[in-house]
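Dear colleague,

Please find below the structure that I am handing over to you, together with its sequence. My findings follow directly after it.

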Amino acid sequence: MVTWIENDLGGWLSDISTRVDAGYHAQSARRCAVPKPGFMIRPGTVLEPEDAVVYSCLVGRAYAKIHADLLSTEGKVDIAYRMSPDPSSIQWTKHDFTVWREWRIKSLAALKRGVTHVVVTDITGFYDNISIQKLIVELRRLAVDEDDLTLLQESLRKWSSPRDEGIPQGYSASDILAKLYLASFDRRLVRDGYGHLRYVDDIRIFCSGKLEARRAIADLRSTSFKGV
């Protein structure tokens, strides 16, 4: 299919643009199993090529506003998928070994600041359980175009059907939306006085004593990540 598309890429993109203007409707997504380290697998989502282009376009139109909103947390507590300051960049996010090494280095540095306990956790099935409604609320807060939000919400719901939760994992557009989704959680931890680092859904909270660690665990247990 890629070869067929590249034979007339301009015409193919023009056809998508025409369909968007006329009222675009996303197709159903296909599910697949994606290998993970340790002989594990995770559920994956495969979008039709046209849907993937429209998805990237919608997030791309909101990119600058999302990037500006995340400046207070990205690289400070949110380490993964570092966003390019240029929305027209071919590579929106940086997620190579150097980013993982930064996660390790910053974690080790945090341990030297009077830390005695570290609370380590992750969010089970994070991408598959992101609340689409909450995500749209966050984008609306940034004054993203309403027509774009309508199409994005309809598409995400189509791809997550029959549920109303989950965004397609494995796409840069989803990585950016996931960062926005957890930004309010990061800000809340900072507001409550915790020192923490986050790599996508892996969370480390650095505590100065057992009491603070217990309080952090209690706060995490009371958090609904579908509505953070």
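**Helix α5 and its surroundings**

Helix α5 is followed by A143, whose phi is positive, near 65 degrees. Please note that this is a predicted model, and that every value in this message was computed from it.

Helix α5 spans residues 132–141, and its buried residues are I132, K134, L135, I136, E138 and L139. These buried residues pack against three helices, namely α3, α6 (146–160) and α7. Two charged members of the list, E138 and K134, are both buried and form a salt bridge with each other, in which the closest N and O atoms are 3.1 Å apart. E138 and K134 are separated by about one helical turn, because they lie four residues apart in helix α5.

**Salt bridges**

Side chains of opposite charge can pair when their charged atoms come close. A search of the whole structure returns 19 salt bridges. The residues K134 and E138 also belong to a network of salt bridges, in which they are linked with D69, R141 and R187.

Two further pairs may be of use to you. The side chains of R157 and D164 meet in a salt bridge, with an N to O distance of 2.9 Å. R157 has a relative accessible area of 36% and is therefore partly exposed, since buried means under 20% and exposed over 50%. D164, at 32% relative accessibility, likewise counts as partly exposed. The second pair is R163 and E165, whose side chains meet in a salt bridge at 2.9 Å, N to O. Here R163 is partly exposed, with a relative accessible area of 38%.

**The nonpolar core**

The largest nonpolar core comprises 61 residues, and those with the most contacts inside it are Y55, I66, F126, L139 and I205. Helix α7 (residues 172–191) gives the most to this core, contributing ten residues. One of the core residues named above, L139, is also among the buried residues of helix α5. For F126, the contacts beyond its neighbours within four places in sequence are A178, Y181, L182, V200 and D201.

**A buried loop residue**

T73 is located in the loop between α3 (49–69) and β3 (82–83). Is T73 buried or exposed? Its relative accessible area is 3%, so T73 is buried. Not counting residues up to four places away in sequence, T73 touches D78, D186 and R187. R187 is also a member of the salt-bridge network described earlier.

**Partly exposed nonpolar residues**

L108, L111, V118 and V120 make a nonpolar surface patch of about 330 Å². Within this group, L111 is placed in the loop between α4 (97–110) and β5 (117–122). With a relative accessibility of 39%, L111 counts as partly exposed.

I217, which is found in helix α8 (residues 210–221), is also partly exposed, its relative accessible area being 34%. Between I217 and L197 there is a separation of 20 residues in sequence and of 15 Å in space, C-alpha to C-alpha.

Yours sincerely

Definitions and conventions
Residues numbered from 1 in each chain as written. Predicted model: local features only at pLDDT ≥ 70, side-chain atom pairs only at ≥ 80, totals over all residues. Heavy atoms only, no water. Helix = DSSP H or I, 4+ residues; strand = E, 2+ residues; numbered from the N terminus. Buried < 20%, exposed > 50% of the residue type's maximum accessible area, 1.4 Å probe, protein only. Contact = heavy atoms within 4.5 Å. Core = buried A, V, L, I, M, F, W, Y, C linked by side-chain atoms within 4.5 Å. Patch = residues over 30% accessible without salt bridge, like charges linked within 9 Å, V, L, I, M, F, W, Y side chains within 5 Å. Areas by Shrake-Rupley, 256 points an atom, 1.4 Å probe, with all protein chains shown as cover. Salt bridge = Lys/Arg side-chain N within 4 Å of Asp/Glu carboxyl O.
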